[in-house]
Amino acid sequence: MRAMILAAGRGERLRPLTDRMPKPLVEVAGRPLIEHQLSWLRRAGVDTVVINLHHLAAQIVAALGDGSRFGLQIIYSHEAELLETGGGIVKALPALGDAPFVLINGDIYTDFDLADLPAEPAPGCDAHLLLTPKPGFRAEGDFEAAAGRVTGRGDAYVYCGIAVLRPRLLAGRSECRFSLRDALFAAVERHAVSAQIWRGLWTDIGTLEQLQALRAQAGPPS
């Protein structure tokens, strides 16, 4: 199975830290965040990971290499200009192939076991999302969900930045700047998004305060 990590962003809200390093290389529990994510993917049976790059890209390549030390093959998708989440995935689709793939945002940390994701979205669905009840650090939620499906946009749950996508979700989209959420919202309207709920540890790292809280919760280097 293949996966993609979204790692191209500038991490504006983590400045000045991200002026000198890309957000995926920020350390949590003694390791760069993206190394945790690669370990999760490998344990879940992923063998090839595509990583999109833009901001301070050379640092990520130098840190991870070809992926062999993680038991993975890493393919890099370089973006001369930021394509956002949707455009970045479209650019990487040739390396991801025709089968469903796992998607992870490069700024999230969780103790969710990626092996618990389905191999593909539910029949008739183009995306499968991991959701969590809206945490206190979020002013608004993203979706409503029931019986294993996303039922609409709403305040109950936030998208964890972990998904299984069919490439056809982005069929017909050009390699230009757009957000994945546009495609997801359209799929929700078609009743074509399945979901599962996670109630354990999860956070994105949007601010320095969130980073400090995660470091305290995740503990010392393992």
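**Group meeting: a walk through the predicted model**

Okay, let's start with the pocket: the largest one holds about 1300 Å³ of space. Of the 39 residues lining that pocket, Arg 13, Thr 85, Asn 105, Asp 107 and Ser 179 are the closest to its centre. A quick word on terms: on a 1 Å grid over the protein atoms alone, a pocket is an open set of points where a 1.4 Å probe fits, with protein on both sides within 12 Å along at least five of seven lines, and lining residues have an atom within 4 Å of a point. Grid points are joined across faces, edges and corners, and the volume is the space filled by probe spheres set on the points.

Before I go on, the housekeeping. This is a predicted model, where local features need pLDDT of at least 70 and side-chain atom pairs count only at pLDDT 80 or more, while totals for chains, interfaces and linings use all residues. Residues are numbered from 1 along each chain as its sequence is written, and side-chain values use heavy atoms, with hydrogens and water left out.

Back to the pocket. Which elements each supply at least two residues of its lining? Those are α4 (84-96), β11 (157-165), α5 (180-189) and β13 (202-204). Helices here are DSSP runs of H or I with at least four residues, strands are runs of E with at least two, and both are numbered from the N terminus. The most comes from α5, with four residues. By type, the lining divides into 14 nonpolar, eleven polar and 14 charged residues. For that count, Ala, Val, Leu, Ile, Met, Phe, Trp, Tyr, Cys and Pro are nonpolar, Asp, Glu, Lys and Arg are charged, and the others, Gly among them, are polar.

Staying with α5, its buried residues are Leu 180, Ala 183, Leu 184, Phe 185, Ala 187 and Val 188. Buried means under 20% relative accessible area, exposed over 50%, and partly exposed in between, with a 1.4 Å probe and protein chains only. Just after α5 comes His 191, in the loop between α5 and β12 (193-197). His 191 has a positive phi of about 60° although it is not a glycine. Ala 29 is another non-glycine with a positive phi, of about 55°, and it sits in the loop between β2 (27-28) and β3 (31-32). Why mention these? Because most residues other than glycine have a negative phi. Is each one buried or exposed? Ala 29 counts as buried at 10% relative accessibility, whereas His 191 counts as exposed at 56%.

On the other side of α5 in sequence, Phe 178 lies in the loop between β11 and α5. Phe 178 is buried, at 8% relative accessible area. Its contacts, leaving aside neighbours within four places in sequence, include Leu 83, Thr 85, Val 90 and Leu 170. Contact here means heavy atoms within 4.5 Å.

Now β11, where you'll find Val 164. Val 164 is buried, with a relative accessible area of 0%. Phe 101 is 63 residues away from Val 164 in sequence, yet the two are 5.4 Å apart in space, C-alpha to C-alpha. Compare Phe 178 with Phe 101: 77 residues apart along the chain, and 20 Å between C-alpha atoms.

On to the cores. The largest nonpolar core has 41 residues, and those with the most contacts inside it are Ile 5, Leu 38, Leu 41, Val 49, Ile 51, Leu 64 and Leu 114. The elements that each supply at least two of its residues include β1 (2-6), β4 (48-53) and β11, and α2 gives the most, with five. A second, separate core of 31 residues includes Leu 6, Leu 131, Tyr 159 and Ala 187. A nonpolar core, by the way, is a set of buried Ala, Val, Leu, Ile, Met, Phe, Trp, Tyr and Cys residues joined through side-chain atoms within 4.5 Å.

Last topic, cysteines. How many disulfides are there in the whole structure? The search finds zero, where a disulfide is a pair of cysteine sulfur atoms within 2.5 Å. Take Cys 160: the closest cysteine sulfur is in Cys 125, 17 Å away, so that is too far for a bond. Cys 160 is buried, at 1% relative accessible area, while Cys 176 is partly exposed at 36%.
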